[in-house]
Amino acid sequence: MTIDRVLVTSLRARAYAVPTDLPEADGTLAWDRTTLVVVHVEAGGETGIGYTYDHQAAAVLAESKLADLVCGRDAFDIPAIWETLSEEVRNIGRSGVAAAAISAVDTALWDLKAKLLGVPLVKLLGQAQPRIVAYGSGGFTSYDDAQLEKQLSDWADAGMAMVKMKVGSDPARDVARVRLAREAIGPDVQLGVDANGAYGRKQALAFGKAFAAQGVVWFEEPVTSQDRDGLRLLRDRLPAGMDVAAGEYGWDLQHFHDLLSAGAVDCLQIDATRCLGITGFLQAAALARAHHLEVSAHCAPTLHVPVCCALPHARHIEYFHDHVRIEHLLFDGFRDAAGGRMSPSLDRPGLGIALKESDAARYAV
């Protein structure tokens, strides 16, 4: 089969600020709205979609500098375009907003390629799993006890095998909140906590031992991910059966290399909306495989389903309350986590989603 060159003709981006349904906070931040940046790339009569969760500046960067670098290129040459984008933001600063913008563009190109070939994205990547485990994630530190109990118990009742809550805003309440969470979900559902780097090393070690008494099996960013020695220390000293996880703020491959080389995690978190897209996600996942570790997708569940189902060592996807609500609201083709698992779209090409333009317009920035 011969595939002709298909040149990218346009790239457009838009930001949408969606208020939260309740105030949200974790161990280090609080927020009342989340910004979704959506990128559309056109070529050969098809339109690819990609997105990230970042500041609206990511949309400005994508539609200006990145568009100039993508338009006129062959839509099938994703690795070459990815290298160009990564190199050309050097003086802007690749980590942060630039990486998020590149992530959305790269995902849109993968979606476009699959559509041009007329296949679901998971089939383009090569399917390794028919579906992927999803765990309920929320339990914000801004929730009162009743809100915390209801959200976690609802997920447990819906068949989720694991739920995760935030800790660290008020350490004095954390043990009691975790005990309350355990009572709400019962003894058979796995429980995870996420400190978002709020604790110091000794504090995290003490809390980890207290959380273990409530059957906590997942301790995410007990200390900042920049403290790789601290993560390794905790990984070595926390009770057996409690995995240390980090990686959600990996903007490039070097970050994942450094975490893995330090032996800092039991499971590597990767976020395709931050780590330079699907291309960056696959690279980081390959590094984890070389270290005999599983990976877990951070947030943006709709985007991560086909990617994780293409990886035999993907453990699960974070079914993050805030992003689930936004993606269900604004994407046609949103994939639900029925029975605690998510399946990729097989009856639509690409990611299988489309932006609900009229519904999104009210949130446009």
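Modeller: Welcome! Axes are lines fitted to C-alpha atoms, for helices over the stretch in contact, with angles from 0 to 180 degrees between N-to-C directions. This is a predicted model, where local features need pLDDT of at least 70, side-chain atom pairs count only at pLDDT 80 or more, and totals for chains, interfaces and linings use all residues. Residues are numbered from 1 along each chain as its sequence is written, and side-chain values use heavy atoms, leaving out hydrogens and water.

Colleague: Are helix 2 and helix 3 roughly parallel or antiparallel to each other?

Modeller: Let's start with the geometry: the axes of helix 2 (residues 78–88; helices are DSSP runs of H or I, at least four residues, and strands runs of E, at least two) and helix 3 come within 10 Å and cross at roughly 165 degrees. Angles under 35 degrees count as roughly parallel, over 145 as roughly antiparallel, 65 to 115 as roughly perpendicular and the rest as oblique. Helix 2 and helix 3 are therefore roughly antiparallel.

Colleague: Which residues of helix 3 does helix 2 meet?

Modeller: Contact means heavy atoms within 4.5 Å. From helix 2, the residues taking part are I78, I81, W82, L85 and S86. Their partners in helix 3 are R94, I102, V105, D106, L109, W110 and K113.

Colleague: How many of the 24 residues of helix 3 are buried?

Modeller: Helix 3 spans residues 94–117, and G118, with a positive phi near 70 degrees, follows it. Helix 3 is largely enclosed by the rest of the structure, because the number of its 24 residues that are buried (under 20% relative accessible area; exposed is over 50%, partly exposed in between, with a 1.4 Å probe and protein chains only) is 19.

Colleague: At what angle do helix 6 and helix 7 pack?

Modeller: Helix 6 covers residues 171–185 and helix 7 residues 201–212, with their axes 10 Å apart. P171, D174, V175 and V178 in helix 6 touch Q203, F207, A210 and F211 in helix 7. The two helices are roughly parallel to each other, as they pack at an angle of about 20 degrees.

Colleague: Is V60 buried or exposed?

Modeller: You will find V60 in helix 1, residues 57–70. V60 lies 16 residues from G44 in sequence and 25 Å from it in space, C-alpha to C-alpha. With a relative accessibility of 58%, V60 counts as exposed.

Colleague: What is the relative accessible area of S296?

Modeller: S296 sits in strand 10, residues 294–297. Beyond its neighbours within four places in sequence, it is in contact with Y135, W218, C267, L268, Q269, I270 and H316. S296 is buried, and its relative accessible area is 0%.

Conventions
Bend = angle between axes of the 7 residues up to and from the residue.
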